[in-house]
Amino acid sequence: MDKVNLAEELARIDEPWRPRIVGALNGQEVKLVKLHGEFIWHFHDAADELFLGVRGRFRVEFRDRSVTVGSGEFLIVPRGVEHRTAADEEAEVLLFEPAGTRNTGNVEHPTLTAPLG
């Protein structure tokens with residue numbers, strides 16, 4: 001039952017697109033990630049994802065629109081919805097999703113797919 005300092009945990013992340021698990025509850029994981037550039041298009045068959053802006057601005061892009069998320073704002077992407085994240089400048093994000101959710105969803109990417117756990 002230790003508290004988590006978001007700024008300290010985010011300072012430990014040195015590369016974009018590599019989520020770091022900082023907590024878990026009820027089968028869900030709380031992850032921190034830095035975004036910069038464009039991620040790949042993907043979807044998650046069995047997982048909704050919550051993206052909460054901690055610092056900076058980023059976009060969650062869908063095939064028909066784009067939603068900009070800033071600090072203190074969040075967006076939930078429902079399971080099965082194709083999307084990608086993008087940030088013109090580095091953004092820091094908190095993710096909340098079921099344990100074992102792969103960051104690239106249905107896509108296996110040689111450099112962007114992060115190891116689970």
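The questions and answers below deal with the strands, the cavity and several single residues of a predicted model. Local features need pLDDT of at least 70 and side-chain atom pairs count only at pLDDT 80 or more, while totals for chains, interfaces and linings use all residues. Residues are numbered from 1 along each chain as its sequence is written, and side-chain values use heavy atoms, with hydrogens and water left out.

Q: How many bridges join S3 and S7?
A: Helices (H or I, at least four residues) and strands (E, at least two) are DSSP runs numbered from the N terminus, and two strands pair if DSSP finds at least two bridges between them. Strand S3 covers residues 49-55 and strand S7 covers 84-98, with Leu52 of the pair standing opposite Leu94 in S7. The two strands run in the antiparallel sense, and the number of bridges between them is five.

Q: Which residue in S6 stands opposite Phe51?
A: Strand S6, residues 74-77, is joined to S3 by four bridges in an antiparallel arrangement. Within this pairing Leu52 stands opposite Phe74, whereas Phe51 faces Leu75.

Q: Which residues of S6 point to the buried face?
A: The side chains alternate along S6, and Phe74 and Ile76 point to a face where they are not buried (buried means under 20% relative accessible area, exposed over 50%, and partly exposed in between, with a 1.4 Å probe and protein chains only). The residues that point to the other face and are buried are Leu75 and Val77.

Q: Which residue in S5 stands opposite Val60?
A: Strand S4 (residues 58-61) and S5 run antiparallel and are joined by four bridges, and a hairpin of four residues leads from S4 to S5. Strand S5, residues 66-69, has an uncovered face formed by Ser66 and Thr68, while its covered face holds Val69 and Val67. The residue opposite Val60 is Val67.

Q: Why is the pair formed by the rings of Phe51 and Phe58 described as tilted?
A: The structure holds two aromatic pairs. For Phe51 and Phe58 the ring centres are 6.5 Å apart, and the pair is tilted because the planes stand at 50 degrees; rings of Phe, Tyr and Trp (its six-membered ring) pair if their centres lie within 6.5 Å, with planes under 30 degrees apart counted as stacked, over 60 as edge-to-face and the rest as tilted. Both Phe51 and Phe58 are buried, and the angle that decides the class of their pair is 50 degrees.

Q: What is the volume of the largest cavity?
A: A cavity is a set of points, on a 1 Å grid over the protein atoms alone, where a 1.4 Å probe fits but cannot get out. The points are joined across faces, edges and corners, and the volume is the space filled by probe spheres set on them. The structure holds one cavity of 30 Å³ or more, and the volume of the largest is about 120 Å³.

Q: Which strand gives the most to the lining of the largest cavity?
A: Lining residues, which have an atom within 4 Å of a point, include Trp17, Pro19, Phe51 and Asn103. Strands S2 (28-38), S3 and S7 each supply at least two of the lining residues. With three residues, the strand that gives the most is S7.

Q: How many of the lining residues of the largest cavity are charged?
A: Ala, Val, Leu, Ile, Met, Phe, Trp, Tyr, Cys and Pro count as nonpolar, Asp, Glu, Lys and Arg as charged, and the others, Gly among them, as polar. Glu49 and Glu97 are among the residues of the lining. The lining divides into seven nonpolar residues and three polar ones, and the number of charged residues is two.

Q: How far apart in space are Thr111 and Trp17, C-alpha to C-alpha?
A: Trp17 is found in the loop between helix H1 (6-11) and strand S1 (20-25), where its relative accessibility of 9% makes it buried. Although Trp17 is not a glycine, its phi is positive, at about 70 degrees. Thr111 belongs to the segment after S7 and, at 51% relative accessibility, counts as exposed. The two residues are 94 apart in sequence, and their C-alpha distance is 9.7 Å.

Q: What distance separates the C-alpha atoms of Pro19 and Leu94?
A: Pro19 is also found in the loop between H1 and S1, and with a relative accessible area of 25% Pro19 is partly exposed. Pro19 and Leu94 are 75 residues apart along the chain, and their C-alpha atoms are separated by 9.0 Å.

Definitions and conventions
On a 1 Å grid over the protein atoms alone, a cavity is a set of points where a 1.4 Å probe fits but cannot get out, and a pocket is an open set with protein on both sides within 12 Å along at least five of seven lines; lining residues have an atom within 4 Å of a point.
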